[in-house]
Amino acid sequence: MGATVFERNPPDPRLVAEALAGSRRSVFWLDGLDRQRFPAFAGSASVDLAVVGGGYTGLWTALLAKERDPSLRVVVLEAKRVGWAASGRNGGFCEATLTHGEVNGENRFPQELEQLDRLGMQNLDEIEQTVARLELDVEFERTGSFAVAVEEYQVEELREAEEGVFFEGAAMRTEIDSPTYLAGLWSPRDTAMLHPGKMAAELARACVEAGVEIFEDTMVRGIDTELPTAPVVLNTPAGFVFAERVALATNAFPSLLKRYRLHTVPVYDYVLMTEPLSTEQLASIGWKGRQGVADTANQFHYYRLTADNRILWGGYDAIYHYGGRIRSGYEERPATFAKLAAHFLTTFPQLAGIRFSHRWAGVIDTSSRFCAFYGLARQGRVAYAAGFTGLGVAATRFAANVMLDQLSGETTERTELDLVRSQPLPFPPEPATYAGVQASRWGLNRADHSDGRRGLLLRTLDAVGLGFDS
Ligand SMILES: Cc1cc2nc3c(=O)[nH]c(=O)nc-3n(C[C@H](O)[C@H](O)[C@H](O)COP(=O)(O)OP(=O)(O)OC[C@H]3O[C@@H](n4cnc5c(N)ncnc54)[C@H](O)[C@@H]3O)c2cc1C
C-alpha cells in the first residue's frame with residue numbers, strides 16, 4: 001500500500017505538540033456566545049405542533065410552521081440547551097446538496113438527481129434570503145467551496161467534473177497555497193459559510209419573535225398515541241404536552257419511535273480551531289476568496305476561515321463506539337487531535353508555530369444511505385427526519401419543510417420524491433454494526449492508500465446499499 005501525502009510529509013512532532021499544548025476542550029462557536037436561556041417545561045399545555053429537539057431541524061420546523069400559519073401554537077422541547085449538539089459544533093459549511101454530495105446522489109437517486117439539485121439550491125437560496133430578511137447575525141458568506149486534490153489519482157476526478165472552475169498546479173496554489181495541492185475545483189454557488197452557534201441562537205430568536213415557545217432542560221421521555229382521536233401525549237419530567245401534531249428532530253439521539261432506532265448510528269467527528277492568523281500568516285496562504293475547503297479522499301479534512309481569520313480544521317477520523325453509545329468523555333481523543341494537527345501542518349507548513357485555541361468533537365447521525373430519511377407514524381400525526389450524516393446545516397431546513405408537508409396531509413413536490421418516500425436499510429443489531437463499521441473504516445483507509453481503489457468489502461457494501469461515511 002502507498003503512503004498518503006500526510007504520511008509522506010509529516011511535520012516535526014515537536015511542532016504538533018506545541019501547537020496543541022495550549023488548546024482547551026471547548027466548542028469555539030459556543031464559547032462565550034451571548035444567547036438566550038429558556039425555562040424548563042412544567043405543568044400541561046395543549047398545542048397545535050410540538051417539536052422535539054432544539055437543533056437546526058427543530059428550530060426550522062417551528063419557525064416555518066409559524067410562517068405558514070401564525071395562528072398555530074407551537075412549542076419546542078429541548079433536552080438540554082438549544083444548539084448545544086451538532087448544530088452548535090459543526091464546521092458551518094452550509095451546502096446545497098440534499099444527497100450528501102453529487103456522487104452519492106448519482107448512486108442512489110439517479111432518476112431525480114436534477115430535481116434534487118434544483119430543490120437543494122432553492123433551499124440554500126431561501127436560507128440566504130431568510131438570513132437577510134430576518135437580519136440573522138450569523139456571519140453568512142456565500143463563498144462557495146473548493147474540493148482539492150492532494151494525490152495524483154484525485155486530479156482526474158476533479159478535471160472531469162461537469163460543473164465548477166478547475167485549477168491545476170500553480171494556478172491552484174495562487175488561490176490557496178499548500179504544497180500538498182495538485183489541483184482544485186471551485187464550486188462558486190453551492191456552499192455558504194456561517195457561524196454555527198450564532199445560527200442556532202439566531203434561529204431561536206426568530207422563533208421567539210414569531211411566537212414559538214421554547215423550553216430547555218426538557219427531555220421528552222415518551223410519546224403516547226393510544227387514542228387515535230385524542231391529541232398525542234408527550235411525557236416530560238415535569239408535565240405533559242398534548243399536541244395535534246409532533247415533529248421529531250432528535251438527530252443522532254435515540255429515536256422516540258422504536259422502529260427507527262437502528263436507522264442511524266452516532267459517529268464522532270473531531271475539530272480543531274487555531275488562534276486568529278496575523279496579516280502575514282494569512283498572506284502566506286492567500287485564500288482571498290475565503291471558500292470552504294475539503295480534500296477528496298474517503299477520509300477527508302474540511303477547513304475554513306472564521307470572521308476573525310482563525311482556521312477551523314476538522315474531519316478525517318470518524319469514530320463509532322460499541323452499542324452506539326454517546327458520552328461526553330468520548331469527545332477527548334488525544335491521538336485523533338494529534339493526527340489532525342499533524343495533517344494541518346503538512347497542509348500549511350508556512351504556519352509552523354501556530355497554536356490551536358480550541359478542540360472539540362460532536363456526534364453525527366450516520367444513515368446507511370448517507371443522507372436524511374423521513375418517516376410518518378401514528379396515523380400521520382408524528383413526523384420524523386434524521387440521518388443527515390455530517391451534512392445537515394442546510395439540509396435540515398429542507399427536512400423541516402418535508403415534515404410540515406407530511407403533517408399537513410398534503411401532497412407536494414417534496415412529499416412525492418423517492419428521497420422522501422424510500423427508507424435506508426437499518427444497521428444490524430450489535431455486535432454486527434460495530435464489526436461492520438470497523439471493517440468499513442479499514443476498507444476506506446485501505447482505499448485511501450491504494451489510489452482510491454475500493455476493495456471487495458466496500459464494493460459489496462456499496463452493492464447492497466449499506467454504507468458508512470461521515
Ligand atoms: C463536528 C461536526 C461537524 C459538522 N460539520 C458540518 C458542516 O460543516 N456542514 C454540514 O452541513 N453539516 C455538518 N455537520 C452536521 C450538522 O451539524 C447536523 O447535520 C445538523 O446540525 C443536525 O441538526 P439537528 O437539529 O437535526 O440535530 P442536533 O443539532 O443534534 O439537535 C438535536 C437536538 O435534539 C435534542 N434531543 C434529542 N432527544 C431528545 C428528547 N428525547 N427530548 C428532547 N430533546 C431531545 C438534543 O438535545 C439536541 O439538541 C457536522 C456535525 C458535527 C458533529
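Student: How much space lies in the second largest pocket?

Tutor: In this predicted model, the second largest pocket holds about 330 Å³ of space. Its lining comprises 22 residues, and Arg261, Thr264, Pro266, Gly323 and Gly324 are the closest to its centre. By class, 13 of the lining residues are nonpolar, six are polar and three are charged.

Student: How do you know that Cys94 is in no disulfide?

Tutor: A disulfide requires two cysteine sulfur atoms within 2.5 Å. The nearest cysteine sulfur to that of Cys94 belongs to Cys207 and is 16 Å away, so the pair does not meet the cut-off. For Cys371, the nearest cysteine sulfur is that of Cys94, 17 Å away, and Cys371 is likewise in no disulfide. The count by this rule is zero disulfides.

Student: Why is Cys94 called buried?

Tutor: The term applies under 20% relative accessible area. Cys94 has a relative accessibility of 1% and therefore counts as buried.

Student: What makes Cys371 buried?

Tutor: Its relative accessible area is 2%, and the limit is 20%; Cys371 therefore counts as buried.

Student: What makes the approach of Trp84 to the ligand a polar contact?

Tutor: The cut-off is 3.5 Å between N or O atoms. A polar side-chain atom of Trp84 lies 2.9 Å from an oxygen atom of the ligand, so the pair qualifies. Backbone polar atoms also take part: that of Tyr56 is 3.0 Å from a ligand oxygen, and that of Val393 is 2.9 Å from a ligand oxygen. Of the 1000 Å² of accessible area that the ligand has on its own, the protein covers 97%.

Definitions and conventions. Residues numbered from 1 in each chain as written. Predicted model: local features only at pLDDT ≥ 70, side-chain atom pairs only at ≥ 80, totals over all residues. Heavy atoms only, no water. 1 Å grid on protein atoms, 1.4 Å probe; cavity = no way out; pocket = protein on both sides within 12 Å on 5 of 7 lines; lining within 4 Å. Points joined across faces, edges and corners; volume = space filled by probe spheres on them. Nonpolar A, V, L, I, M, F, W, Y, C, P; charged D, E, K, R; others polar. Buried < 20%, exposed > 50% of the residue type's maximum accessible area, 1.4 Å probe, protein only. Polar contact = N/O pair within 3.5 Å; in protein donor to acceptor, adjacent residues only side chain to side chain. Areas by Shrake-Rupley, 256 points an atom, 1.4 Å probe, with all protein chains shown as cover.
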